[in-house]
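I opened this notebook to record what I looked up in the structure, one topic to an entry. I begin with the ligands and then turn to the packing of helices.

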Amino acid sequence: MARTLTQRLAAVLFTLGLMVWAAPSAAADADIPAAELDPYFKGGREGHAYTLAMLELGMRTGAATSAVLRSDPARAKVALKSLREQMNKVGAMVPSWKPWFRTGVIDEMDAAVASKADLAARKKLVGKLEGSCTGCHAKFMFQVQARYRWGSFADAVVSTGSGNLTFHQVMLDLATDLGAVRSDVEAGQLKDATSAYTRLMERFGMMEQLCANCHDQPRQYFIDSGVKARLFKIGGLLRRGDTAVASYTPLFNDVNEMSCLPCHQVHMPAAFAQRNALESKK
Ligand code: HEC
Ligand code: HEC
Ligand code: HEC
């Protein structure tokens with residue numbers, strides 16, 4: 001008895017150990033078959049072969065499922081045939097993902113329409129088909145978008161007199177300078193605070209240039225006039241020699257809440273997915 005318990009405990013510990021040890025590769029399970037996908041994502045951010053094939057799959061799915069639900073045998077037959085063709089085509093593009101594109105459910109839909117199965121039964125089949133799409137999308141779609149459709153955060157650089165600054169470095173500097181301005185004001189060192197502020201504004205301007213790396217049109221948020229007004233106010237306080245941190249605090253908070261934090265919520269998932277993909281290649 002004691003022995004089995006010990007054995008079980010050992011087994012549990014062993015399993016836990018494996019789980020901890022296996023954690024990184026569990027994340028890697030959602031890795032995408034990049035070598036197979038790469039050839040379909042050449043060129044710009046739009047109009048990729050795989051994306052277009054998916055959009056077509058979406059259209060044909062819509063056509064087929066609505067014909068099946070309406071129980072229109074003639075249209076359903078044509079639509080299901082054309083859906084099957086597209087599914088086979090998309091499935092063949094990325095061999096590792098072929099098992100996701102099972103056409104069995106299309107056969108079932110064909111049979112259901114032919115045998116005039118009731119609406120509930122047809123709805124169930126439609127749900128099954130749609131579920132197969134969602135399953136893969138939930139697992140892989142974001143990684144594909146982050147890799148191929150976002151533009152590269154690693155390649156986004158600004159050239160300065162003293163060489164290139166990476167996006168990442170611009171970010172680190174922004175955070176450093178914000179912190180420096182506050183602590184210099186706290187210490188009553190307004191001269192240091194002013195030079196930290198000058199670099200902060202310089203970096204903020206560089207960050208603005210980096211948006212154009214990915215956005216063709218100017219964006220409304222995160223670097224808008226509201227944020228800039230806060231930054232200019234900080235400059236005004238420094239010029240007037242205000243040494244009360246409390247005058248600055250709401251302005252620092254606003255900059256964080258209007259610019260840094262929300263922009264991070266939008267862009268960091270993609271940026272860090274790209275970073276992790278690069279790290280796992282090393
Ligand atoms: C374009 C929107 C955007 C804005 C605006 C923005 N950031 Fe970032 N920031 C990012 C992205 C994307 C990353 C992750 C990629 C990287 O670090 O290369 C990042 C990373 C960072 C990092 C590094 C985090 C880490 O864990 O290494 C810091 C620090 C940072 N930002 C500070 C700031 C501060 C401070 C502000 C506001 C003054 C700011 N950022 C404004 C997009 C933005
Ligand atoms: C094995 C994985 C996989 C399966 C299964 C799959 N897709 Fe996709 N689908 C993707 C990926 C990856 C993308 C993202 C492509 C991109 O952004 O370029 C995508 C994108 C799409 C898009 C474009 C979405 C958008 O707005 O960005 C549509 C529409 C679509 N799929 C429809 C379908 C339908 C309908 C099915 C089921 C019949 C299906 N997909 C099954 C992987 C899959
Ligand atoms: C490496 C590429 C990249 C960089 C650099 C980048 N963005 Fe984005 N950003 C995107 C993508 C991709 C999206 C989502 C799709 C879209 O809106 O185009 C997005 C979405 C957004 C959105 C939300 C949706 C919208 O389009 O309004 C805003 C706002 C935005 N970015 C602002 C900025 C600002 C401001 C900067 C510079 C400070 C910036 N971005 C830098 C790639 C980037």
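The entries below concern a predicted model.

**Entry 1. Ligand 1**

I looked up the surroundings of ligand 1 and found 17 residues around it. The closest are His168, Met171, Ala175, Cys260 and Cys263. I then asked which helices supply at least two residues each to this shell. They are helix 7, spanning 167–186, and helix 10, spanning 245–281. Helix 10 gives the most, with eight residues. By class, I noted 13 nonpolar and four polar residues in the shell around ligand 1, and no charged ones.

**Entry 2. Ligand 2**

For ligand 2, I recorded a shell of 21 residues. Thr51, Met54, Gly58, Cys133 and Cys136 are the closest of these. Helix 3 (49–70) and helix 6 (119–149) each contribute at least two residues to the shell. Which helix has the largest share of the shell around ligand 2? I found that helix 6 does, with ten residues. The shell divides into 13 nonpolar residues, seven polar and one charged.

**Entry 3. Ligand 3**

Around ligand 3, I listed 18 residues, of which Gly151, Cys211, Cys214, Arg219 and Tyr221 come nearest. At least two residues of this shell come from helix 8 (190–211), and at least two from helix 10. I noted that helix 10 also supplies at least two residues to the shell around ligand 1. The most is given to the shell around ligand 3 by helix 8, with four residues. I sorted the shell by class into eleven nonpolar, five polar and two charged residues.

**Entry 4. Helix 3 against helix 4**

I returned to helix 3, which supplies residues to the shell around ligand 2, and examined its packing with helix 4, residues 73–93. Their axes come within 8 Å and cross at roughly 155°. Because angles over 145 degrees count as roughly antiparallel, I entered helix 3 and helix 4 as roughly antiparallel to each other. The crossing is left-handed. On the helix 3 side, the residues in contact include Tyr50, Met54, Leu57, Arg60 and Val68. Those of helix 4 include Arg75, Leu80, Leu83, Met87 and Met93. I noted that the residues of this contact divide into 15 nonpolar, three polar and four charged. Met54 therefore has two entries here: it is one of the closest residues to ligand 2, and it is part of the contact with helix 4.**Entry 5. Helix 8 against helix 9**

I next looked up helix 8 and helix 9, residues 225–239. The two pack at an angle of about 160°, with their axes 10 Å apart. This pair is therefore also roughly antiparallel. Helix 8 passes helix 9 in a left-handed crossing. Leu190, Ala193, Thr194, Tyr197, Met201 and Phe204 form the helix 8 side of the contact, and Leu231, Ile234, Gly235 and Leu238 the helix 9 side. The contact comprises eight nonpolar and two polar residues, with no charged ones.

**Entry 6. Ser115**

Last, I located Ser115 in the loop between helix 5 (104–114) and helix 6. Is Ser115 buried or exposed? I counted 8 other C-beta atoms within 10 Å, and a residue counts as exposed at 12 or fewer, so Ser115 is exposed. I also recorded that the C-alpha atoms of Ser115 and Pro73 are separated by 9.7 Å, although the two residues are 42 apart along the chain.

Methods. Residues numbered from 1 in each chain as written. Chains lettered and ligands numbered in written order. Predicted model: local features only at pLDDT ≥ 70, side-chain atom pairs only at ≥ 80, totals over all residues. Near = placed C-beta within 6 Å. Nonpolar A, V, L, I, M, F, W, Y, C, P; charged D, E, K, R; others polar. Axes fitted to C-alpha atoms, helices over the stretch in contact; angles between N-to-C directions. Parallel < 35°, antiparallel > 145°, perpendicular 65-115°, else oblique. Left-handed = near helix turned anticlockwise from the far one by under 90°. Contact = placed C-beta atoms within 7 Å. Buried ≥ 20, exposed ≤ 12 C-beta atoms within 10 Å, placed from the backbone.
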